[in-house]
Amino acid sequence: MQGFPERGGPGPGPVPNDLAHLQATMHTIELACASIQMHINPAAAEATILSLCQSPQPYQACQFILENSQVPDARFQAAAAIRDAAIREWGFLTADDRRSLLSFCLSFVMQHASSKEGFVLAKVSSVAAQLMKRGWLDTTALEKEAFFNQVNQAVLGIHGLDVQFTGVNFLESLVSEFSPSTSSAMGLPREFHEQCRRSLEIDYLKMFYCWARDAALSVTNRIVESKSEVPEVKVCNAALRLMLQILNWDFHLNNNSTKTSINVFSAGARLDIDSSKRSECTLVQPGPAWRDVLISSGHIGWLVNLYAALRQKFSREGYWLDCPIAVSARKLIVQFCSLTGTIFLSDNGQMHEHHLLQLLSGIIEWIDPPEAVAKAIGCGKSESEMLDGCRALLSIANVTTPFVFDQLLMSIRPFGTLTLLSTLMCEVVKVLMSTYPEEETWSWEARDILLDTWTALLVPLDSTGGNAMLPPEGINAAGNLFALIVESELKAASSALTDDVDGDYLQSSISAMDERLSSYALIARAAIHVAIPLLTRLFSERFARLNQGRGIIDPTETLEEVYSLLLIAGHVLADEGEGETPLVPYAIQTYFTDNMGADEHPVIVLSSSIIGFAEQSLDPKMRASVFSPRLLEAVIWFFARWSCTYLMNPEEVRETHSQDHQLQSQQLRKGLHSFFREHNQGKLVLDIIVRVSVTTLLSYPGEKDLQALTCYQLLHALVREKHICVHLVSLDSWRNLANAFANEKSLFLLDLAHQRSLAQTLVHSASGLINSEASNQYVRDLMGHMATYLGELSSKNDLKSVAQQPDIILLVSCVLERLRGVATASEPRTQKAIYELGFSVMNPILVLLEVYKHEISVSLSSSLLSEAKTEKYKDLRALLQLLSSLCSKDMVDFSSDSIETQGTNISQVVYFGLHIVTPLISLDLLKYPKLCHDYFALLSHLLEVYPETVAQLNSEAFAHVLGTLDFGLHHQDAEIINMCLRSLKALASYHYKETASGKTGLGLHAAGRKDSGGNLQEGILSQFLRSLLQLLLFEDYSPDLVGSAADALLPLILCEQGLYQRLGNELIERQANPTLRSRLVNALQSLISANQLSSTLDRINYQRFRKNLNNFLIEVRGFLRTM
């Protein structure tokens, strides 16, 4: 065929004896493939196929199979074997051999372009792409040009439609191979892949796009004009797919070889592009070099018109919307909506807006009018086009401001884009309301995409937390939408009880709905003047309905509606704290700034209604008839979220960063904040919250979820702020809780973890007392009786028999959990009492430990053994975290007095801690991921900061540490390996620097020693130099680790230069091929001498050695792995 060389020439490798040998190999592989398909001895069949992949230079046999076998699976495996062997043996293949393999693969797919075995062609095409990439850095520009000229001829259609289709598919494989996220592993450093990616992006990616565009242009007229489906469709579809793939490229460079960024000169550009989404949306930022191809050439108009023409042509064919060409065209149009950055001129956003309007003019037909679109889908039309229209709106929202987003549609419609967005989502919500009991339909997905669109438009735009302001029409649209959303949620809540559904709505947790409710809150805050009065009215109506219908009407539906309203109101009124004190939402600050009376302020009215409702749970009759555990969960969750923002917060945390809103903030404090401060209603509300919390703990036994919310979220939130603790400890309700905890057995029914949490909370509240002595006395009163009980129990003469009683076992367990909680709440002002408590219970605990230690034999039960290991894991992890915290404090503590001035040397503490930890760390325990991570994080930190301390460990402890390091070097987690490499770097560099200055360094640990049999053992640095070279040259690992490995290898080589020379000589002697031996000699020498490498361990030298190691691995790793 013209443009492609004929195949059939022998590939690299020895010539087989005869044709019979090739046929026998082919027959063997065919039988193995058939055996796998028929499940006849698949292990042996897989071993046969693997032997082909691993055999040296199997290229001729593989080519023979590809050309002659009638079994597609055999041809597929032959292509895979070519790939594996070529990548493995690349280092000693000649340039002609490499070109021959690549030419064979490309010629094969072109000459078999009409084959129906697409998966075989796709595999061979993928192999050609990988071979092209493997030799990319060694191939000259002229060679690449000659190769791509052949590909271009195919893509232009010179050799027919089948070859054109195959050529486009090859380019798709090539782009996929050069993209870091989809590239194949080649055992090469990340730097190699990055160089290839950079080269393709700068020199070829735009050219490939133009080829794909031209290929699509060459066939579209035929497609549009034909009256039936024509073969040109598959070419057009492949070209559209390739264009989409290129636009999905992660562009790093523009025409000035600098990183791209969003065009900040564009009036419509958004800078907040990292908000979390349920729907994927990738921004496209190729830079100004692409402007002529994507923007100025009329390309967008052609694409939109092509889809519109095909849509019109096949309007009566409902199936067409899901045809590959329709799907590809829509995806490409949606991706163009994400185009942003410096590709647009700095013309105040005019070019960008024109681009988006061009796209929106075509997309509007997919989604407008929303009612008609939804009705058509209900009648059987495919929903795919409508969903892609929603995705397009999301993409546009991610690259524009709300104002620009709204204005886009006004030039072609009598309403703005925000109104369309609202109307569209209203229609989706209506469909949801009508189909709720059914399984998830298209409306669920549409709702999530449109919610993400609102989120993209409304997320805070600056550090003050200010939300993007909508134009008046948009505010009205948001208000209407929120009202319908609330209506739909209430209907869903009630229908979950009345309809025959699986109960998922009732079982869904608060956290599971949090993401959706957060999006609802953004929409509500956009129309806050409508949303809060609406919520107040709806809540008041349900509250009144409950009171009026007590004992007459089943309140279940109403209670589910109240549950939903509590969650929605909580999200609208307050943000999640995430460890910080959240501010009042910006919309509330800026809108409700007038000096309203307490009975008029919407936030106060809504909050008071909910607090009043919650107070009803204190009445036993109301509690029995109305307040189910599920409803109280919502009440507790609301209190925890609301109190962090509004309850008695000090004025200083309310100061806004923006001077423009200083007056508004002051007016807000006069009304909203003053109402819930301590001198107004704050203390009364706090008392209600505490009493409701006590009710959940005492009146709902066994409700773990409810009690967990109370202990972990609400009560923890209250004691987080000292100014609230001051009022807490003065409340009778809080004192009653503390008294019940200290002296009554009712709270012993709580889950053990909840008791520990409650103890921690009560001790934290002691910070609100007047002085340290009062705080210490509070802790003594809280825990004194329990300490006395343990002492009395441990001193009983019949302790062994008493201790077996179930109630005693429960009490002991509860007291121990409470002691754990108290210990975790230790702080300076309560430290004395807690230490006294610990001292007083130490002996009783030891006695009880002696009594109970034989009661449970972990050898009797695998489950108990597992539990014992888990407990050991937890204890060890806590100790590791303690040591890490001590090290961190020693490094970052900015207090005026260091720990050393208080008589404590952190390095000595660490030394002592290591002697405790090292014997306890076993390889089995290191299989726990979190423990493993904490251990190696501590070890790498200690070796970097305190190497001299680690060097002082005794021989047994030091050997144990190094054993774990060797384990970590071969771990599956790249982060663990990276920390081990950092540890080796620290250890070797410490020894090198110390010995260079005349000191002992690691001393005997680094020297060789004789074992018990009298045999000389290598020193630890020698062992790790050998192990690390073995890993780098012969084992599989992530390319991302090469940099860290280089940093560890350099000081190891400097410490053990003699061993490095011996290991190098061993490798050279094992290499029989003179050419490869010469390359290996040069590579080993260059590794330690190229780029002016010196014997110092400074930053520049490390960078030079990283470059040397990258080049070394690229040069020799391939052929060394075949030895």
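What follows is a conversation between a visitor and a guide about a predicted model of one protein chain.

Visitor: What makes up the protein chain in terms of helices and strands?

Guide: Welcome! The protein chain holds 50 helices and two strands. Of its 1123 residues, 52% count as buried. The accessible surface comes to about 49900 Å², and carbon and sulfur atoms own 52% of that area.

Visitor: Why is the contact between Arg-83 and Asp-84 called a salt bridge?

Guide: The nitrogen-to-oxygen distance between the two side chains is 3.3 Å. The cut-off for an Arg nitrogen and an Asp carboxyl oxygen is within 4 Å, so the pair qualifies. A search of the whole structure finds 40 salt bridges.

Visitor: Why does Arg-83 count as buried?

Guide: Its relative accessibility is 14%. Buried means under 20%, so Arg-83 belongs in that class. Asp-84 has a relative accessible area of 30%. That value falls between 20% and 50%, so Asp-84 is partly exposed.

Visitor: How do you know that Glu-817 and Arg-756 form a salt bridge?

Guide: Their closest N and O atoms are 2.3 Å apart. That is within 4 Å, so the name fits. Glu-817 sits in helix α38 (residues 806–824) and Arg-756 in helix α35 (residues 752–764), so the salt bridge ties together parts that are 61 residues apart in sequence.

Visitor: Are Glu-817 and Arg-756 buried or partly exposed?

Guide: One of each! Glu-817 is at 13% relative accessibility, under the 20% limit, so Glu-817 is buried. Arg-756 has 25%, which lies between 20% and 50%, so Arg-756 is partly exposed.

Visitor: What makes the pair of Arg-780 and Glu-836 a link between distant parts of the chain?

Guide: The closest N and O atoms of Arg-780 and Glu-836 are 3.0 Å apart, which makes the pair a salt bridge. Arg-780 belongs to helix α36 (residues 772–794) and Glu-836 to helix α39 (residues 831–852), and the two are 56 residues apart. Arg-780 is partly exposed, at 24%, and Glu-836 is partly exposed too, at 36%.

Visitor: Which residues are joined into one network by salt bridges?

Guide: Arg-537, Glu-541, Arg-542, Arg-545 and Glu-561 are, through salt bridges that share partners.

Visitor: Why can Met-842 be part of a surface patch?

Guide: Met-842 has a relative accessible area of 46%, and a patch residue needs over 30%, so Met-842 passes that test. Met-842 is found in helix α39. Together with Leu-846 and Leu-849, Met-842 makes a nonpolar surface patch of about 300 Å².

Visitor: What makes Trp-734 stand out in the largest nonpolar core?

Guide: That core has 282 residues, and Trp-734 and Met-386 are those with the most contacts inside it. Leaving aside residues up to four places away in sequence, Trp-734 touches several residues, among them Val-690, Leu-715, Leu-762 and Tyr-778. A second, separate core has 74 residues, including Leu-953 and Phe-1119. In soluble globular proteins, nonpolar side chains tend to be buried together.

Visitor: How do you know that α34 is close to its expected span?

Guide: Helix α34 (residues 732–743) has twelve residues and reaches 16 Å from its first C-alpha to its last, close to the 16 Å expected at 1.5 Å a residue. Trp-734 is one of its buried residues, along with Leu-737 and Phe-741, among others. The elements they pack against include α31, α35, α36 and α38.

Visitor: Why is Ser-693 called buried?

Guide: Its relative accessibility is 1%, which is under 20%, so the label applies. Ser-693 lies in helix α31 (residues 682–699). Beyond residues up to four places away in sequence, Ser-693 touches Ile-636, Thr-710, Leu-714 and Leu-715.

Visitor: What covers the buried residues of α48?

Guide: The cover includes α46 (1020–1034), α47 (1042–1055) and α49 (1074–1087). The buried residues of α48 include Leu-1059, Tyr-1060 and Gly-1064. This helix (residues 1057–1070) has 14 residues and reaches 20 Å, close to the 20 Å expected.

Terms used:
Residues numbered from 1 in each chain as written. Predicted model: local features only at pLDDT ≥ 70, side-chain atom pairs only at ≥ 80, totals over all residues. Heavy atoms only, no water. Buried < 20%, exposed > 50% of the residue type's maximum accessible area, 1.4 Å probe, protein only. Helix = DSSP H or I, 4+ residues; strand = E, 2+ residues; numbered from the N terminus. Expected span 1.5 Å × (residues − 1). Contact = heavy atoms within 4.5 Å. Patch = residues over 30% accessible without salt bridge, like charges linked within 9 Å, V, L, I, M, F, W, Y side chains within 5 Å. Areas by Shrake-Rupley, 256 points an atom, 1.4 Å probe, with all protein chains shown as cover. Core = buried A, V, L, I, M, F, W, Y, C linked by side-chain atoms within 4.5 Å.
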